[in-house]
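Reader: Hello! I'm new to this structure and would love a close look at its strands, and at how the rest of the chain relates to them. Could you walk me through that part slowly?

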Amino acid sequence: MSSPNETAEAILIVLKKILKWILFGTLLLVVVLFIGTKIEAQWEWHTYGKYEEKVTIKFVKFIEDKECSKEFPYMYVITNESSKVVEQTRFSVEVRRVGYSNVINSYTHIIDNKILKPNETSMSCFRTTAADNKSELIKDKEVNYSAINKIVEFAK
């Protein structure tokens, strides 16, 4: 028979080996998941990202002519310079006064369903209201527009 100390030491050795294998397995799993996410990100970029970068959104400054109505006085232009057909473009608009960093408009989300073949352009009018007064249109002429959270869906 073995003494209680020998039994305790044997159990401790077995527990150390089990913990070592659990730690090794966990580390291996983390490495595999990290590599998998990097491969997926690369695949995503090669499949969509490099084409999405070639779909640009530009804004035309405050318009008061026949192009846009007084209710929708702002214009954006979407240009598809990719080799794929665009089915839909979604983005949000942020407006800032020139020289300032705070966003002065309320949440403005645009969904453009115009199908754009390569090298085609789409123009449309939109409205955005002031953040502090939801019903008042922004009429400042010295502002910068930017499109954020752009999502482009391509034809399959």
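**The strands and their surroundings**

Author: Let's start with one pair of residues: Thr 56 has Thr 79, in strand β2, as its bridge partner. Please keep in mind that the model is predicted. That pair belongs to a longer match, since six bridges hold β1 and β2 (residues 74–80) together, with the two strands running antiparallel. Follow the pairing onward and you find an open sheet of three strands, ordered β1-β2-β5 and paired in the antiparallel sense. At its edges are β1, residues 55–60, and β5, residues 121–126, each of which pairs on one side only. From one strand to its neighbour, the sheet turns by 20 degrees on average, ignoring direction.

Now for the other sheet. Another three strands make an open, antiparallel sheet, this time in the order β4-β3-β6. Here β4 and β6 are the edge strands, pairing on one side only. The average twist from strand to strand is 20 degrees.

Strand β3 spans residues 86–97 and is joined to β4 by five bridges, with the strands antiparallel. If you want a place to look, find Thr 89, which stands opposite Asp 112 of β4. With β6, strand β3 forms ten bridges, again in the antiparallel sense. A good landmark there is Val 95, which faces Tyr 145 in β6 as its opposite number.

The edge strand β4, residues 108–112, has two faces to compare. Thr 108, Ile 110 and Asp 112 make up the covered face, while His 109 and Ile 111 lie on the uncovered one.

Next, the nonpolar core. Nonpolar side chains tend to be buried together in soluble globular proteins. In this model, the largest nonpolar core holds 22 residues, and the members touching the most others are Phe 59, Tyr 76, Phe 91, Val 93, Phe 126 and Tyr 145. Two or more residues of this core come from each of β1, β2, β3 and β6, the last of these covering 143–154.

Phe 91 is a nice residue to centre your view on. Beyond its neighbours within four places in sequence, Phe 91 has contacts that include Ile 57, Phe 59, Tyr 76 and Ile 78. Thr 108, His 109 and Ile 110 are also in contact with Phe 91, and so are Ala 147, Ile 148, Asn 149 and Lys 150.

One of those contacts, Asn 149, deserves a second glance. Asn 149 sits in strand β6, and because its relative accessibility is 56%, above the 50% cut-off, it counts as exposed. Most residues other than glycine have a negative phi. Asn 149 has a positive one, about 55 degrees, without being a glycine. Asn 119 offers a second example, with phi near 65 degrees. You will find Asn 119 in the loop between β4 and β5, where a relative accessibility of 64% makes it exposed.

Moving along to the loop between β5 and β6, look for Glu 136. Its relative accessibility is 45%, so Glu 136 counts as partly exposed. Leaving out residues up to four places away in sequence, Glu 136 touches Thr 129 and Ala 130. The C-alpha atoms of Glu 136 and Asn 105 are 9.8 Å apart, although 31 residues separate the two in sequence.

Finally, let's see how the helix relates to the strands. Helix α1 has 49 residues and reaches 69 Å from first C-alpha to last, close to the 72 Å expected at 1.5 Å a residue. At Trp 45, α1 bends by about 50 degrees. Thr 47, Gly 49 and Tyr 51 are buried residues of α1, and the elements that cover its buried residues include β1 and β6. Pro 4, by contrast, lies in α1, which runs over residues 4–52, and is exposed with a relative accessible area of 68%. From Pro 4 to Ser 106, which is 102 residues away along the chain, the C-alpha separation is 73 Å.

Terms used
Residues numbered from 1 in each chain as written. Predicted model: local features only at pLDDT ≥ 70, side-chain atom pairs only at ≥ 80, totals over all residues. Heavy atoms only, no water. Pairing = 2+ DSSP bridges. Helix = DSSP H or I, 4+ residues; strand = E, 2+ residues; numbered from the N terminus. Axes fitted to C-alpha atoms, helices over the stretch in contact; angles between N-to-C directions. Buried < 20%, exposed > 50% of the residue type's maximum accessible area, 1.4 Å probe, protein only. Core = buried A, V, L, I, M, F, W, Y, C linked by side-chain atoms within 4.5 Å. Contact = heavy atoms within 4.5 Å. Expected span 1.5 Å × (residues − 1). Bend = angle between axes of the 7 residues up to and from the residue.
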